[in-house]
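The following exercises are to be worked with the sequence and the coordinates at hand. Please attempt each task before reading its solution.

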Amino acid sequence: MNSLYQTTDTFWKKKYNSPNVESIVFRLQSKILKHEYNLPKKNSKLIDFGCGEGSSSNFFAEQGYNTIGLDISKISIQTAKKRYKKNNKNLKFEVCKFIPSDQKIYGFKNNVDVIFALQSLYYLGKKDFYELLEIFNRSLKKNGLIFATFKTPNQWDYFNNSKKTADPWLRHVKFKNSRININLNQFFVKNQDDMINRMRIFKPIHIGRYTMKLTNYESEGEHLTFFGKKR
Ligand SMILES: C[S@@+](CC[C@H](N)C(=O)[O-])C[C@H]1O[C@@H](n2cnc3c(N)ncnc32)[C@H](O)[C@@H]1O
């Protein structure tokens, strides 16, 4: 694997502790997917890309989506299976490869209603990021929907502690505080226009943002949100 990905892969494979569904997830479901698109319908399919410990995947399965949660972290997927699999037979979890082209297809073909990627799309370099979007686009059915979130430099604790890498698209973020010890490569979007431009394979529908600030030594955990559909 590309050495630029090795650090990120090692970082995430350790584990990600996310035992509960975030409010953005159930609001997305009730205010947009249900309210505007009447989803889920019978047999609606959803991919939760970079599902971590699977709380969002489980939430979507409980709502009635046929859901698959994918993540590179075997430990996180094991935790997800242990916590949730017995709850719902419409819920599957699979360990996936870091690089999209190493992964044949993410489970479905031309039949996915929703692709959901919460804080998981910004670890790939340019070529692989666009390749992943192509795979998503092929997986989505006509008018299929995608929701993804992105970091901006407003997350100054991450951005100010980052440096250029050999790939102009990715920055190496390295810092420690009393709570976290970050060492990975990721990209930041400059602003909404930049995010829309990177996601241009999809038609933008709603652009939003969410933040959370828990301590005075951390930045607002701002993420811009992209909600769009297959063109
Ligand atoms: C910040 S966590 C978010 C986890 C989950 N979406 C949530 O919000 O609770 C990022 C997740 O993306 C996964 N990830 C990072 N790069 C990935 C890749 N190339 N393919 C699949 N998953 C990836 C990590 O293993 C990690 O679980």
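Three exercises follow, all based on a predicted model.

**Exercise 1. The buried side of helix 4**

Task: Determine which residues of helix 4 (residues 74–84) are buried, and where they lie around the axis.

Solution: A residue is taken as buried if 20 or more other C-beta atoms lie within 10 Å of its own. In helix 4, Ser76, Ile77, Thr79, Ala80 and Tyr84 are buried. These residues cover an arc of only 160° around the axis, and therefore they sit on the same side of helix 4. The next step is to find their partners: the buried residues pack against helix 3 (55–63), strand 2 (66–71) and strand 3 (91–95). On the face turned away from the buried side, helix 4 carries the exposed residues Lys74 and Lys82.

**Exercise 2. An open sheet**

Task: Establish the strand order of the open sheet of three strands and identify its edges.

Solution: The order is 6-7-8, and the pairing is antiparallel. Strand 6 (162–164) and strand 8 (181–186) each have a single partner strand, so they stand at the edges, with one side of each left without a neighbour in the sheet. Neighbouring strands are turned by 15° against each other on average, direction ignored. Strand 6 pairs with strand 7 (residues 171–176) over three bridges. Lysine 163 lies opposite histidine 172 of strand 7.

**Exercise 3. The ligand shell**

Task: Characterise the residues around the ligand.

Solution: There are 18 residues around the ligand, of which Trp12, Ser18, Gly50, Gly52 and Ser120 come nearest. By class, the shell comprises 10 nonpolar residues, seven polar and one charged.

Definitions and conventions. Residues numbered from 1 in each chain as written. Predicted model: local features only at pLDDT ≥ 70, side-chain atom pairs only at ≥ 80, totals over all residues. Near = placed C-beta within 6 Å. Nonpolar A, V, L, I, M, F, W, Y, C, P; charged D, E, K, R; others polar. Buried ≥ 20, exposed ≤ 12 C-beta atoms within 10 Å, placed from the backbone. Helix = DSSP H or I, 4+ residues; strand = E, 2+ residues; numbered from the N terminus. Arc of directions from axis to C-beta. Contact = placed C-beta atoms within 7 Å. Pairing = 2+ DSSP bridges. Axes fitted to C-alpha atoms, helices over the stretch in contact; angles between N-to-C directions.
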